[in-house]
Structures are given as C-alpha cells and as structure tokens.
Amino acid sequence: MARKMLIDGELEKHSEEETRYDFDLFVIGAGSGGVRASRFSAQYGAKVGICELPFHPISTEVIGGVGGTCVIRGCVPKKILVYGATFGSELEDARSYGWELNEKIDFNWKKLLHKKTEEIVRLNGIYKRLLSNAGVKLFEGEGKVVGPNEVEVIQLDGTKISYSAKHILIATGSRAQRPSIPGQELAITSDEALSLEELPKRAVILGGGYIAVEFASIWRGMGATVDLCFRKELPLRGFDDEMRAVVARTLEGRGITMHPRTTLTELVKTEDGIKVRTDHGEELLADVVLFATGRAPNTKRLNLEAVGVELDKTGAVKVDEYSRTNLPSIWAIGDVTNRMNLTPVALMEGTCFAKTVFGGQPSKPDYSNVPCAVFCIPPLSVVGLSEEQAIEQANGDVLAFTSTFNPMKNTISGRQEKTVMKLVVDGETDKVLGASMCGPDAAEIMQGIAVALKCGATKAQFDSTVGIHPSAAEEFVTMRSISRRITAGNPKTNL
C-alpha cells in the first residue's frame with residue numbers, strides 16, 4: 001500500500017531509496033503510547049516493528065513487559081488494590097444497612113495479590129494480541145538507537161540485531177526515583193509496593209503526589225497504620241488548593257497520620273522494623289517505607305545523545321508540538337517527553353503521531369481540559385483550571401461555586417465524610433474554566449463534565465441542565481449561588 005506522509009502541511013517526496021528500510025516505523029517501548037502508535041500506524045499501511053523488555057511485575061533497566069507501566073505496575077493494578085481497600089469501609093457501613101456481619105472480618109492479602117497478578121498477565125497477553133492482529137512485528141529485548149534511521153535490539157540470549165527504519169519512535173515511559181538518603185536501599189518504590197509478599201502493618205510514605213496518597217489510602221484501608229510525610233503544607237501540589245485541603249482532611253479522617261513540611265533524613269534497619277528519622281527529629285517505626293518522590297524519563301540506556309537527540313536537564317526527550325525531536329526521523333511520545341504524564345495523554349499523542357506521519361493529517365496533541373483522577377479513598381477528580389490557575393490566567397474576575405454535602409449513603413451509615421464539588425467560572429464570559437470533586441465516584445462523574453468543558457460550556461448551560469435525582473452528580477447543575485468572586489491577579493498561594 002502506498003503511504004503519503006503529511007508533515008507541516010507538505011507531502012514528503014518518496015524516492016526509490018525508501019525500499020532500503022526494514023520498517024517504515026520502529027517503536028522502542030510497548031506501553032500504552034507505543035502500542036497505540038504502532039497499531040494506528042499499521043492501520044494506515046505502515047510496516048511497523050516494536051520492541052519491549054521481557055515481562056515482570058517489578059521493572060528494572062532490563063525488565064518491563066508489553067503493556068507498560070500503567071497496565072503492569074501502575075494504574076491498573078493500583079486501581080485493583082484501591083477496590084480491595086475500599087471494601088473495608090463499605091463492610092463497616094453495610095451494618096447500618098441491615099447486613100449482619102461478624103465483628104471480625106478477615107482480609108487475605110495474598111489472595112488479592114494473586115488475583116491482581118492474574119489480571120496483569122491477562123492484559124499483557126491482550127496487548128500482545130492487539131499488536132499481532134494489527135500486523136505489528138514484536139521483538140522481545142532491549143532497544144537502543146544507533147543512528148537516525150537504525151535501531152539495535154539486544155535479544156534475550158544477548159545477541160544483537162540491527163534494523164533500519166524510516167521513522168523511529170521513542171515510547172519508553174518513566175521510572176520511579178529514589179531520594180539519596182542514608183539507608184535508601186531499605187525503602188521500596190511503587191513497583192515493589194504493588195507486589196509485596198506480606199501486607200505491612202506499619203507503613204511510612206514519603207511524597208505528596210498521586211502515588212503517595214493512593215498507597216496511603218490502600219494500606220490504611222487494609223488495616224495498616226500509615227504515616228504520610230510530604231514537603232508542602234498540603235499534599236497534591238499543582239491541584240486546586242481548596243481541594244487539596246479536602247483530601248488532607250479526608251485522609252486524616254480515615255486514620256492516616258499526616259506529616260506536612262516533613263522529609264526523611266535516614267532509614268535504619270532494626271530488630272523491630274525500619275527506623276525512620278525525619279528532619280524534625282521524629283522517629284517512626286515501619287515494616288515498609290515507600291518512596292513516592294517522582295519519576296524520571298526512561299532514557300539512560302537508549303543512546304539518544306550519542307546520535308544527536310536533544311534531552312532536557314531531567315533526561316526527557318525534547319520534542320516539538322508534533323512530538324518530533326531535533327532529528328527529523330526520530331519522534332517521542334508519553335512520559336519519556338515529560339509533558340503531561342498520564343496514560344490517556346500518551347494514547348492521544350500516539351494517535352496524533354500516527355495521523356501526522358502515516359495518515360496524511362498533521363495533528364497536534366491538545367492538552368487543554370484533560371481530566372484526571374487521584375484514586376485516594378474517596379477519590380479526587382478534576383478537569384480544566386484550578387482556582388489558582390484561573391486567577392493567574394483570567395483577564396477579569398473569577399467566580400467560584402462550591403457545594404459541600406453529606407452523601408446520601410452516609411446519612412444511613414453515619415460516616416462523617418463530606419463530598420465537595422467546585423466550579424470555577426470566568427466572570428466576564430460565563431465560561432466554566434474548571435471543575436473538581438472529592439467524593440465517591442468522582443472520576444466517573446468528572447469524565448462527563450470533561451466533555452462539557454471541551455465543548456466550551458457556560459455556567460448558564462450547566463444551570464439549565466436537568467439533574468439526575470437522587471445523585472451526587474446533580475449538584476454540578478444546581479450550584480446557583482456564588483461562593484466567592486476573586487479579582488484577577490491576586491497572588492497565588494504557596495501550599
């Protein structure tokens with residue numbers, strides 16, 4: 001099949017020399033973004049090869065697996081553990097709904113772990129079949145770039161094979177980082193946390209981002225004592241400050257001990273567990289210490305700088321708005337570019353790449369109004385601008401509409417945990433700039449709200465929408481009273 005590639009509005013001129021390439025596209029990394037780009041490129045008629053490290057739940061520099069971080073050691077197994085942890089409080093609440101349960105309810109961690117592993121093995125197989133069904137050639141081994149149009153694959157037996165490609169796509173994602181403190185080898189990252197042989201009774205977590213608050217909720221929900229240490233006044237830096245405070249209160253309400261403005265200075269192995277020292281002089285004892293202190297682009301072993309590909313100071317691949325590097329034949333998508341590090345965003349970037357290079361449709365990823373969720377218990381979900389971002393960007397006043405209420409389910413169970421919803425609106429245009437929610441089913445509700453924001457919905461359109469009753473979601477279309485009006489240009493907080 002003939003392929004015409006449309007780049008920057010001009011069709012690339014094909015020459016007879018193209019036949020010398022083994023592949024039209026070779027992808028290094030078969031995570032969500034790499035698999036999407038490969039499949040869609042193949043559907044446009046491209047001859048595609050892709051390589052990925054051998055499968056294992058815990059990654060190293062030479063172990064990975066088709067499906068990538070999200071499927072094998074990220075979003076999917078984490079959400080399974082979140083579901084498992086949520087049942088604890090659900091069972092407590094069930095008593096108020098007439099369910100007669102034994103006082104002591106046992107939790108079998110090993111059973112859940114086994115089921116989780118079964119599921120990621122199943123998904124690993126599905127991703128392999130997706131590639132095969134699309135006609136993509138999968139190579140198992142470590143890939144590196146050895147020239148603008150050449151990749152080398154180190155196979156499992158150590159032999160090296162080189163392939164030429166018209167285009168090379170880097171989609172190797174990111175890897176968890178460890179802070180350099182004495183005893184850091186005693187700690188684990190999220191990779192190991194998803195595959196622990198024993199459920200910890202005492203956990204100390206360093207970090208204030210997604211992974212930190214999610215694992216705090218998971219382990220606390222399964223009965224562990226949890227200490228959460230983070231550098232700022234509130235967790236989840238970058239999110240709406242009001243919603244960050246809601247999450248912090250909720251975590252505390254669930255029994256998690258919060259240590260704001262705190263970092264760890266030393267870990268020491270003792271007979272009673274791991275002794276954890278903080279910069280405030282506190283000493284904590286833990287069975288497990290989790291470092292959830294960020295991730296770094298996975299570029300170390302790719303040989304990119306040697307062939308002239310520019311990286312930034314974090315090691316991320318520098319790309320233009322079409323995901324192209326400074327070398328015209330080499331592209332990059334997903335976390336390895338450190339743009340917006342979310343699985344659905346990597347999927348979007350992979351789709352845009354295939355359209356641009358092989359579909360004759362130059363397509364730039366659109367990073368506006370991308371919804372996301374933090375699966376703490378209960379979850380936080382947001383789309384669009386936070387109040388702070390809106391104040392910073394708006395020309396006129398910003399209006400905040402908030403609703404805090406006791407979910408209907410809690411009125412019977414007696415659980416003292418409020419749901420909070422928020423809309424941020426441009427005072428001049430009435431356009432809804434952002435929405436956020438902390439409460440049960442927040443992610444499911446926010447996906448629908450994201451469609452409205454993508455369409456440019458106004459507050460008047462929200463108000464004219466009939467709600468579903470009784471539901472928590474209807475609060476988003478019944479918030480009539482302005483909670484506060486903020487003049488643009490007010491200084492941003494530093495929580």
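Let me begin with the largest nonpolar core of this predicted model. This core holds 49 residues, and those that touch the most other members are Ile205, Phe215, Trp219, Leu228, Leu251, Leu290 and Leu380. Helix H6, residues 210–221, gives the most to this core, with six residues.

Please find Trp219 on the screen. Which residues does Trp219 touch, leaving aside those up to four places away in sequence? On one list are Ile188, Ala193, Leu196, Leu199, Pro200, Ala203, Ile205, Ala224, Val226, Val288 and Leu290. Apart from this core lies another, of 25 residues, including Val27, Ile120, Leu123 and Trp331.

I turn now to helix H1, residues 32–43. With twelve residues at 1.5 Å a residue, H1 should span 16 Å, and its end C-alpha atoms are 17 Å apart, which agrees. Is H1 mostly covered or mostly uncovered? It is mostly covered, since nine of its twelve residues are buried. These are Ser32, Gly33, Gly34, Val35, Ala37, Ser38, Arg39, Ser41 and Ala42. Among the elements that cover them are strands S3 (23–28), S4 (48–52) and S7 (160–170), together with helices H2 (68–73), H4 (109–133) and H8 (343–358). Just after H1, Gly45 takes a positive phi of about 105 degrees.

Helix H4 has already appeared as part of the cover of H1, and we can treat it in the same manner. Its 25 residues should span 36 Å at 1.5 Å a residue; the end C-alpha atoms are 36 Å apart, which agrees. The buried residues in H4 include Trp109, Leu112, Leu113, Lys116, Ile120 and Leu123. Asn124, Gly125, Tyr127 and Leu131 of H4 are buried as well. Ile120 and Leu123 also belong to the core of 25 residues mentioned earlier. The cover over the buried residues of H4 includes H1, S4, H2, helix H3 (75–94), strand S5 (137–147) and helix H5 (190–193).

What caps the N-terminal end of H4? The cap is Asn108, with a side-chain oxygen 3.2 Å from the backbone nitrogen of Lys110. Just after H4, Gly135 takes a positive phi of about 85 degrees.

My last residue is Ser403, found in strand S20, residues 398–405. Why is Ser403 called buried? Its relative accessible area is 11%, and buried means under 20%, so Ser403 qualifies. The side chains of Ser403 and Glu475 are joined by a polar contact of 2.7 Å. Not counting residues up to four places away in sequence, Ser403 touches Thr419, Val420, Met421, Glu475 and Met479.

Definitions and conventions. Residues numbered from 1 in each chain as written. Predicted model: local features only at pLDDT ≥ 70, side-chain atom pairs only at ≥ 80, totals over all residues. Heavy atoms only, no water. Core = buried A, V, L, I, M, F, W, Y, C linked by side-chain atoms within 4.5 Å. Buried < 20%, exposed > 50% of the residue type's maximum accessible area, 1.4 Å probe, protein only. Helix = DSSP H or I, 4+ residues; strand = E, 2+ residues; numbered from the N terminus. Contact = heavy atoms within 4.5 Å. Expected span 1.5 Å × (residues − 1). Polar contact = N/O pair within 3.5 Å; in protein donor to acceptor, adjacent residues only side chain to side chain.
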